[in-house]
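Thank you all for coming; I would like to walk through one structure with you this morning, moving from a single helix outwards to the packing around it. Please keep the sequence and the model open while I talk.

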Amino acid sequence: IRSMFDAATSALIRQAPAIRGVDPAVLPQDLTRAYAELVALRLREGEPGADGARELRHDQLLKMAAVYEALVDAANNLADRRGAAFVAGTAYQILGRVGIMEEVANEDLLSAAAIHPDIAAPLLFLIAGQSPDAREAGRRLRGVRTDTVLISAMLETVADLAAENFEEILARALRLREFGPTAAGGFSDQATQALYGLCWSGVIQMVAGVLARPIPATLFQQFDTPEEAFRRVEALAIEDLQMPGDGGQLVSTYAGPRHLARLLRHVAGRLVGTGLANLPAPTGAAEATWRQWLRHRAKTKPVIWPNHRPAIELGILQPGVSAVLVLPTGAGKTTLSELKIAAAVSSGKKVVFLVPTLALVDQLRDDLAASFPTDIGGIVVSADGDLAVLAQGPELSAIEVMTPERFLALLSFENADVSDVGLIVFD
């Protein structure tokens, strides 16, 4: 059977550690086969043998997901951890897509004993460095709430973390800064709320750092780093209790908060240092304009994806550096293009963006106008195609969108001056 994954994703899956009954070399095909079989069995619901076969396949995939989720902690290196996290997240996604993931009450998504796969899946994808998959997995949590404020805050925050809605996470923290655990459910319930609340506080600190913003104060203790907050939850969530008599011992554990804290610690390891707002200014760029634009862009795209890092490290944002970007749809070409444009205009240079059709000219002008508002350095995005009326030659805006034919016409003016153009983008 052919794999439903592209070459890069298949390579990531094959990085997963080997476990009994699973060969990572053919795991992409095995996951594809499992998905196809579950879809087919769902269509045969009610037929003799179909429901039993479906339940058996479901259990096999769920067990594999649980083992790989556990291996995220046990992995000896980053490649193993990324592979294990992606396989576990994908298995949970498959079960969710075919509609056979066990349904639980919203209150049980985050319990003292466990966290539901709907919570784990987007975090696993973030650990794997696969933001688009995390965004898709997080959609299952949109609008999910409980009667407990802190548990609801944690559920909504995981959804926003997966969707990179970091601004909403900080706004929620400001709204709920006076909320703490409630006493309605007794001591155990209070302790569960407090542990999940401390996880929530760690996420708030983590995204504030990514956005280079002040950390909103809550009722929970603030640590030097988000990782310290998550480690504190791990330590508080388990305790060995000595019992009367020889050798008597009882382990008290809040496994759900502990597991969430461990996943979030690995997420923090992936996110810390990836904030778009913290990118250093390229050579020649005005620091104030560059920082202002980064803060604006970070509201909707706060994180530098793994796809972006090699290009940035190779100096794509520096003046005079040209590049050809070849990435799959949704893999981040737009973000890199906008960063390169921001570097040029922050340096006082103009940008010409060439697209093949007039219809795309208007569309791209509107998109770029949203990304480069005029209140940032007076940037103007234009697509004014009427060159004939410009008797003294064309005057380019900071960012000019046009077709190649129009650009050729511009260059035909005897007194056309494009010496201040610092970047030409071909799409």
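The buried residues of H5 are Pro-117, Asp-118, Ile-119, Ala-120, Ala-121, Pro-122, Leu-123, Leu-124, Phe-125, Leu-126 and Ile-127, and I should say at once that we are looking at a predicted model. Helix H5 runs over residues 117–127, and with 11 of its 11 residues buried it is mostly covered. What do these buried residues pack against? Their partners are five stretches of helix, namely H3 (50–74), H4 (78–97), H6 (131–138), H7 (149–163) and H11 (255–271). After H5 comes Gly-129, where phi is positive, near 80 degrees.

If we stay with Leu-123 for a moment and set aside its neighbours within four places in sequence, we find it in contact with Val-158, Leu-161, Leu-260, Leu-263, Leu-264 and Val-267. Leu-123 also appears, together with Met-64, Tyr-68, Ile-119, Leu-161 and Leu-260, among the residues with the most contacts inside the largest nonpolar core, which has 86 residues. Which helix gives the most to this core? That is helix H9, residues 186–210, with 12 residues. Apart from this core lies another, of 33 residues, and Trp-290, Ile-312, Leu-339 and Ile-341 are among them.

Let me turn to the aromatic rings, where the count comes to 3 pairs. In the pair of Phe-5 and Phe-86 the ring centres are 6.5 Å apart and the planes stand at 70 degrees, so the arrangement is edge-to-face, given that planes over 60 degrees apart count as such. Because Phe-5 lies in the segment before helix H1 (7–13) while Phe-86 belongs to helix H4, this pair ties together parts that are 81 residues apart in sequence. Phe-5 has a relative accessibility of 16% and therefore counts as buried, and Phe-86, at 2%, counts as buried too. Phe-125, which we met in H5, forms one aromatic cluster with Phe-5 and Phe-86.

Trp-293 and Phe-372 form a pair that is stacked, with 5.2 Å from centre to centre and 15 degrees between the planes. Here again distant parts of the chain are linked, since Trp-293 sits in helix H12 (residues 287–298) and Phe-372 in the loop between helix H15 (358–371) and strand S4 (381–382), 79 residues apart. Trp-293 is buried, its relative accessible area being 2%, and Phe-372 is buried as well, with 1%.

Finally, two helix packings. The axes of H3 and H4 come within 8 Å and cross at roughly 150 degrees, which means that H3 is roughly antiparallel to H4, as angles over 145 degrees are counted in that way. The crossing in which H3 passes H4 is left-handed. On the H3 side the contact includes His-58, Met-64, Tyr-68 and Glu-69, and on the H4 side it includes Arg-81, Ala-88, Tyr-92 and Leu-95; of these, Met-64 and Tyr-68 were named earlier for their contacts inside the largest core.

How far apart are the axes of H8 and H9? Helix H8, residues 166–175, packs with H9 at an axis separation of 9 Å and an angle of about 130 degrees, so H8 is oblique to H9. This crossing, too, is left-handed, and in it Phe-166, Ile-169, Leu-170, Arg-172 and Ala-173 of H8 meet Trp-200, Ile-204, Val-207, Ala-208 and Val-210 of H9.

How values were computed: Residues are numbered from 1 along each chain as its sequence is written. This is a predicted model: local features need pLDDT of at least 70, side-chain atom pairs count only at pLDDT 80 or more; totals for chains, interfaces and linings use all residues. Side-chain values use heavy atoms; hydrogens and water are left out. Buried means under 20% relative accessible area, exposed over 50%, partly exposed in between (1.4 Å probe, protein chains only). Helices (H or I, at least four residues) and strands (E, at least two) are DSSP runs, numbered from the N terminus. Contact means heavy atoms within 4.5 Å. A nonpolar core is a set of buried Ala, Val, Leu, Ile, Met, Phe, Trp, Tyr and Cys residues joined through side-chain atoms within 4.5 Å. Rings of Phe, Tyr and Trp (its six-membered ring) pair if their centres lie within 6.5 Å; planes under 30 degrees apart count as stacked, over 60 as edge-to-face and the rest as tilted. Axes are lines fitted to C-alpha atoms, for helices over the stretch in contact, and angles run from 0 to 180 degrees between N-to-C directions. Angles under 35 degrees count as roughly parallel, over 145 as roughly antiparallel, 65 to 115 as roughly perpendicular and the rest as oblique. A crossing is left-handed if the near helix is turned anticlockwise from the far one by less than a right angle, and right-handed if clockwise.
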